[in-house]
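Take a look at the sequence and the model below. This report walks through the sheet, the core and a charged pair.

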Amino acid sequence: VDGKLSYVVSGSSMALGHGFDASQLVKELNVFTQGRGGGKKDFAQGGTTSNIEPQSIIEHLKLHFNHR
């Protein structure tokens, strides 16, 4: 909305038990999107004003999870 893109990451207790960290994922997205944000292991959020397509973020996440 208005040139801003927001992202929210949440993890279940099961995911947390397997090492998932929402704040780390948002930090990675912040680098990829030149954005800002943060949070805790179970919930984090961020956003950017860069002109990035949401689909490219989805593709980046697919690569992230395929390498784990």
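In which sense do E1 and strand E3 pair, and over how many bridges? E1 and E3 (residues 43–48) pair in the antiparallel sense, over six bridges. Keep in mind that this is a predicted model.

**The sheet**

Three strands form an open sheet. Their order is E1-E3-E2, and the pairing is antiparallel. Strands of a sheet pair through backbone hydrogen bonds, either parallel or antiparallel.

Why is one side of E1 and of E2 left without a neighbour in the sheet? Strand E1 (5–10) and strand E2 (36–39) stand at the edges. Each has a single partner strand, so one side of each stays free of a neighbour in the sheet. From one strand to the next, the twist averages 10 degrees.

Now turn to E2. E2 and E3 also pair in the antiparallel sense, over four bridges. They form a hairpin, with three residues between them.

Individual bridge partners can be traced in the model. The table gives four pairs.

| Residue | Partner in E3 |
|---|---|
| Serine 6 | Glycine 47 |
| Tyrosine 7 | Glycine 46 |
| Arginine 36 | Glycine 47 |
| Glycine 39 | Alanine 44 |

Glycine 47 is the bridge partner of serine 6. Glycine 47 is also the bridge partner of arginine 36.

**The core**

Which residues make up the largest nonpolar core? There are ten: Tyr7, Val9, Phe20, Ala22, Leu25, Val26, Leu29, Ala44, Ile52 and Ile57. E1 and helix H2 (22–33) each supply at least two residues of this core. H2 gives the most, with four residues. In soluble globular proteins, nonpolar side chains tend to be buried together.

Valine 9 is one of the core residues. What does valine 9 touch, leaving aside residues up to four places away in sequence? Its contacts are Phe20, Ala22, Leu25, Val26, Leu29, Asp42, Phe43 and Ala44.

**A serine in H2**

Serine 23 lies in helix H2. Is serine 23 buried or exposed? Its relative accessible area is 11%, so serine 23 counts as buried; the cut-off for buried is under 20%. Not counting residues up to four places away in sequence, serine 23 touches Gly39, Lys40, Lys41 and Ala44. Two of these residues have appeared already: glycine 39 stands opposite alanine 44 in E3. Alanine 44 also belongs to the core, and valine 9 touches Ala44 too.

**The charged pair**

How many salt bridges does the structure hold? It holds one. The side chains of glutamate 59 and lysine 62 meet there, at 3.5 Å from N to O. Side chains of opposite charge can pair when their charged atoms come close.

Where do the two partners lie? Both glutamate 59 and lysine 62 are in helix H3 (residues 54–66). They are three residues apart, about one turn of the helix.

Glutamate 59 has 36% relative accessibility, so it counts as partly exposed. Lysine 62 has a relative accessible area of 45%, so lysine 62 is partly exposed as well.

Definitions and conventions
Residues numbered from 1 in each chain as written. Predicted model: local features only at pLDDT ≥ 70, side-chain atom pairs only at ≥ 80, totals over all residues. Heavy atoms only, no water. Pairing = 2+ DSSP bridges. Axes fitted to C-alpha atoms, helices over the stretch in contact; angles between N-to-C directions. Core = buried A, V, L, I, M, F, W, Y, C linked by side-chain atoms within 4.5 Å. Buried < 20%, exposed > 50% of the residue type's maximum accessible area, 1.4 Å probe, protein only. Contact = heavy atoms within 4.5 Å. Salt bridge = Lys/Arg side-chain N within 4 Å of Asp/Glu carboxyl O.
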